[in-house]
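Let's take a friendly walk through a protein structure. Have the sequence and the 3D view ready.

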Amino acid sequence: MTVEANMTFRLNQVLEAINKKQQEKEYLLVAIDGRCAAGKTTMASYLAKKLSCNCIHMDDFFLQPMQRTPKRLDEPGGNVDYERFLEEVLLPLSLRKSFSFRPFQCKTMEFGEPISVELNSITIIEGSYACHPQLIEYYDLRIFLSVDQTEQLRRIEKRNGMKAALMFFQKWIPLEEKYIKAFQVPDHCDMAL
């Protein structure tokens, strides 16, 4: 199966699962977690457009410089500010309220302008660490995406260039793999694709 055919197959599986859940619940909170370059953002963008729903990116919740202590970075899943994500996003969503948050921008190491999010019947949370144990109970549907290492390297090189790809494989991917292994994330998801 080609990469494109595989993605189409995955998307159809997820759409079917969302449609089924919509028959049970008025409001859905969907998490798309997984390995770097597995297609999380691509899938979430497609679903957000197709379903006219909200999409929140975990990349907006990476740690600020003063939070990046050796102790915190040694914690599985500790390089994301899951406390702020819980407070600013998941708790308001669980109460069916609109909310706003300030995205942390890793390039500038500063917060961006606030983003306001109106309540929608479906909200997708996309990104690594979305299914952190502090967050996972809030979701109605949990999806884990994987990719083999060869394809992962190809995608990261294409997206970020060779220099950045080396940093991903030396720093970020080991942190993701530590989180995935420590919390057995695919085993706690409804779908592992």
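What follows looks at one helix, one loop residue and one pair of helices.

This is a predicted model, in which local features need pLDDT of at least 70 and side-chain atom pairs count only at pLDDT 80 or more, while totals for chains, interfaces and linings use all residues. Residues are numbered from 1 along each chain as its sequence is written, and side-chain values use heavy atoms, leaving out hydrogens and water.

Start with α2; helices (H or I, at least four residues) and strands (E, at least two) are DSSP runs, numbered from the N terminus. Its buried residues (under 20% relative accessible area) are K40, M43, A44, L47 and A48. Down the axis of α2, these fall within an arc of 130° (taken from the directions from the helix axis to the C-beta atoms), so they line one face of the helix. On the other side, T42, K49 and K50 are exposed, meaning over 50% relative accessible area. Just after α2, S52 has a positive phi of about 50°.

Next, find E113 in the loop between β5 (110-111) and β6 (115-117). E113 is exposed, at a relative accessible area of 66%. Beyond its neighbours within four places in sequence, E113 is in contact (heavy atoms within 4.5 Å) with F101, R102 and P103.

Finally, here is how α5 and α6 meet.

| Helix | Residues | Residues that meet the partner |
|---|---|---|
| α5 | 149-160 | Q149, Q152, L153, I156, E157, R159 and N160 |
| α6 | 162-183 | M162, A164, A165, F168, F169 and I173 |

Terms used. Buried means under 20% relative accessible area, exposed over 50%, partly exposed in between (1.4 Å probe, protein chains only). Axes are lines fitted to C-alpha atoms, for helices over the stretch in contact, and angles run from 0 to 180 degrees between N-to-C directions.
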